[in-house]
Amino acid sequence: KTKDFADSEYRLVFGHVAPHSQQDSFNHMLPRLRKMTEGLFKGNPAKYPIDLWFAGHIHRYQAIPGTNEWQFPVITLGGGAGKSFPGAAILVEIKNKKLYITAFDTNGEINDKFSMEDRQLKKNE
């Protein structure tokens, strides 16, 4: 409801778990998060549209596009589980009003690069 949110160039959410693209084997975190957020961020159009959600929880890196119900993509950081993308780090930059995301591994090597266009992640080579 704030002017800052309404006037923002990009709306990013950072949370432990994401409302789509993840599983919850304990079956408690995901249902609670969806209950808290579906009236705000779910739908087409959503009451309060966001552009990108960053999460952890599943201990593997992934970049997942939005869905019909949840219009925003999700980037999940890895780390801590077997053959996952250990200790992933994300750099978020805004240049000339365009959002750029770079994913790094623990050696500082770039594993993924994206730009954001119309709530879609566009892979950069």
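**Close-up views of the turns, sheets, cores and helix α2**

**View 1. The turn between β5 and β6.** K97 counts as exposed, with a relative accessible area of 61%, where exposed stands for over 50%, buried for under 20% and partly exposed for values in between (1.4 Å probe, protein chains only). The model is a predicted one, in which local features need pLDDT of at least 70 and side-chain atom pairs count only at pLDDT 80 or more, whereas totals for chains, interfaces and linings use all residues. Residues are numbered from 1 along each chain as its sequence is written, and side-chain values use heavy atoms, with hydrogens and water left out. K97 is placed in the loop between β5 and β6, and its phi is positive, about 65°, although K97 is not a glycine. N96 lies in the loop between β5 and β6 as well; N96 is likewise a residue other than glycine with a positive phi, near 50°, and it counts as exposed at 80% relative accessibility. The hairpin that β5 and β6 form has 2 residues between the strands. Here and below, strands (E, at least two residues) and helices (H or I, at least four residues) are DSSP runs numbered from the N terminus.

**View 2. The antiparallel open sheet.** Four strands are arranged in the order β5-β6-β7-β8, with antiparallel pairing, two strands being taken as paired if DSSP finds at least two bridges between them. At the edges stand β5 (89-95) and β8 (120-123), each of which pairs on one side only. Direction ignored, neighbouring strands of this sheet are turned by 30° against each other on average, the axes being lines fitted to C-alpha atoms (for helices, over the stretch in contact) and the angles running from 0 to 180 degrees between N-to-C directions. Between β5 and β6 (residues 98-104) there are 7 bridges; E93 stands opposite Y100, and L91 has T102 as its bridge partner. Between β6 and β7 (residues 110-117) there are 5 bridges, again in the antiparallel sense, and F104 stands opposite I110. The hairpin of β6 and β7 has 5 residues between its strands, and in it G108 takes a positive phi near 85°.

**View 3. The mixed open sheet.** A second group of 4 strands forms an open sheet in the order β1-β2-β4-β3, with mixed pairing. Its edge strands, β1 (12-14) and β3 (62-64), each pair on one side only. Neighbouring strands in this sheet are turned against each other by 15° on average, direction ignored. The strands β3 and β4 (residues 74-76) run antiparallel and are joined by 3 bridges, and Q62 in this pairing stands opposite T76 of β4.

**View 4. Helix α2 and the loop that follows.** The 13 residues of α2 reach 17 Å from the first C-alpha to the last, close to the 18 Å expected at 1.5 Å a residue, a span reckoned as 1.5 Å times one less than the number of residues. At K35 the helix α2 bends by about 35°, the bend being the angle between axes fitted to the seven residues ending there and the seven starting there. L30, L33, T37 and F41 are buried in α2, and what covers the buried residues of this helix includes β2. An α-helix has 3.6 residues a turn, so residues three or four places apart point the same way. Just after α2, G43 has a positive phi of about 115°. P45 is located in the loop between α2 and β2, and the peptide bond leading to it from N44 is cis, with omega near 10°.

**View 5. The nonpolar cores.** The largest nonpolar core holds 13 residues, and those with the most contacts inside it are A18, F41, I50, W53, F72 and V74; such a core is a set of buried Ala, Val, Leu, Ile, Met, Phe, Trp, Tyr and Cys residues joined through side-chain atoms within 4.5 Å. Two or more of its residues are given by each of α2 (29-41) and β2 (52-55), and the largest share, 3 residues, comes from α2. Leaving aside neighbours within four places in sequence, V74 is in contact with A18, H20, S21, L52, W53, Q62, A63 and I64, contact meaning heavy atoms within 4.5 Å. A second, separate core of 10 residues includes Y10, F54, Y61 and I101. In soluble globular proteins, nonpolar side chains tend to be buried together.
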